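Visitor: I am new to this structure and would be grateful for a close look at one part of it. Please begin with a single pair of side chains and then place that pair in its surroundings.

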Amino acid sequence: MDATARDKEVRIAAQLKAGDPACMKAVFDNYHHGLCMRAMRYLSSWEDARDVVQGVLVSFWKNWCGREFHGSMQAYLSVAVVKASLKVLRDSGKFRFVAMERQLAEVMSELDDADAEFVERLRERVAACVAALPESQRNVLAGIVFGGKAYKEVAAELGISLNTVKTHYARALRAVREQMDADGVLLPSLKKNSSPDATVLLLFFAG
């Protein structure tokens, strides 16, 4: 992201914090077309792409109006559009399986150093949420998500029942999601059998 683009984002963020609706025109002018093009990588019609982007921008305004936005706005909106596009595919029955790591690599390859810093800060926030979990939930989450183990394996290692593992896992995911949602971060579900770094970023994609 060049200096001009960063300056624009700073101005938009200031308007957003002030609750000035004019910031949404600036967001539209700067990002709308690029976001639609990103959505078209997953969707089959321009109309669907525009609907997805419109929904993301409306949610962005509702979630961040009157609040201070930190990080790359472009990266935040791009990730939100990918997530929303994949949800459209799932809901329409056209989505069966997507190699999330491949989709992640595609998006991340286009982000520059400033955007990478935004993602790194998000990693830290997710890590803090996980660290705050009760030990029982944290152990189950670590085994399933970061260890790539099956529920039965985790149950055997921890000496608890399969149903208890499932309960701890569901509660851990819900707690992380709720905390991140409270922070205004678009957060889908954790995905099993991913590497630790990929898992943190897959929080954006796999709903």
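Guide: Let us begin with glutamate 68, which forms a salt bridge with lysine 17; their closest N and O atoms are 3.5 Å apart. The term salt bridge denotes a side-chain nitrogen of Lys or Arg within 4 Å of a carboxyl oxygen of Asp or Glu. This pair links distant parts of the chain, 51 residues apart: lysine 17 belongs to helix α1 (residues 3-18), while glutamate 68 lies in the loop between α3 (46-64) and α4 (73-92). Glutamate 68 is partly exposed, with a relative accessible area of 45%, and lysine 17, at 45% relative accessibility, also counts as partly exposed. Here buried means under 20% relative accessible area, exposed means over 50%, and partly exposed lies in between (1.4 Å probe, protein chains only).

A word on the basis of these statements is due. The model is predicted, so local features need pLDDT of at least 70 and side-chain atom pairs count only at pLDDT 80 or more, whereas totals for chains, interfaces and linings use all residues. Residues are numbered from 1 along each chain as its sequence is written, and side-chain values use heavy atoms, with hydrogens and water left out.

A search of the whole structure finds two salt bridges. The other joins aspartate 29 to lysine 25, with the closest N and O atoms 2.8 Å apart. These residues are four places apart in helix α2 (residues 22-39), and are therefore separated by about one helical turn. Both aspartate 29 and lysine 25 are exposed.

The helices named so far also meet in the nonpolar interior. The largest nonpolar core has 28 residues, and those with the most contacts inside it are Val27, Phe60, Met73 and Leu77. Such a core is a set of buried Ala, Val, Leu, Ile, Met, Phe, Trp, Tyr and Cys residues joined through side-chain atoms within 4.5 Å. The elements that give two or more residues to this core are α1, α2, α3 and α4, and α4 gives the most, with eight residues. Apart from this core lies another, of 16 residues, among them Val140, Ala155, Tyr169 and Leu173. Leaving aside residues up to four places away in sequence, phenylalanine 60 touches Leu16, Met24, Val27, Cys65, Phe69, Met73, Tyr76 and Leu77. A contact means heavy atoms within 4.5 Å.

Two cysteines also deserve mention. Cysteine 36 is buried, with a relative accessible area of 0%, and cysteine 129, at 11%, is buried as well. The count of disulfides is zero, a disulfide being a pair of cysteine sulfur atoms within 2.5 Å.

Finally, the whole chain may be considered. The chain has 10 helices and zero strands, these being DSSP runs numbered from the N terminus (helices H or I, at least four residues; strands E, at least two). Buried residues make up 40% of the 207 residues. The mean pLDDT, which is the predictor's confidence in each residue from 0 to 100, is 76 for the chain, and 69% of its residues reach 70 or more. Among the elements, α3 has the highest mean pLDDT (93) and helix α10 (residues 196-202) the lowest (40). The value stays under 50 over residues 186-207, for which the model has 70 contacts beyond four places in sequence.
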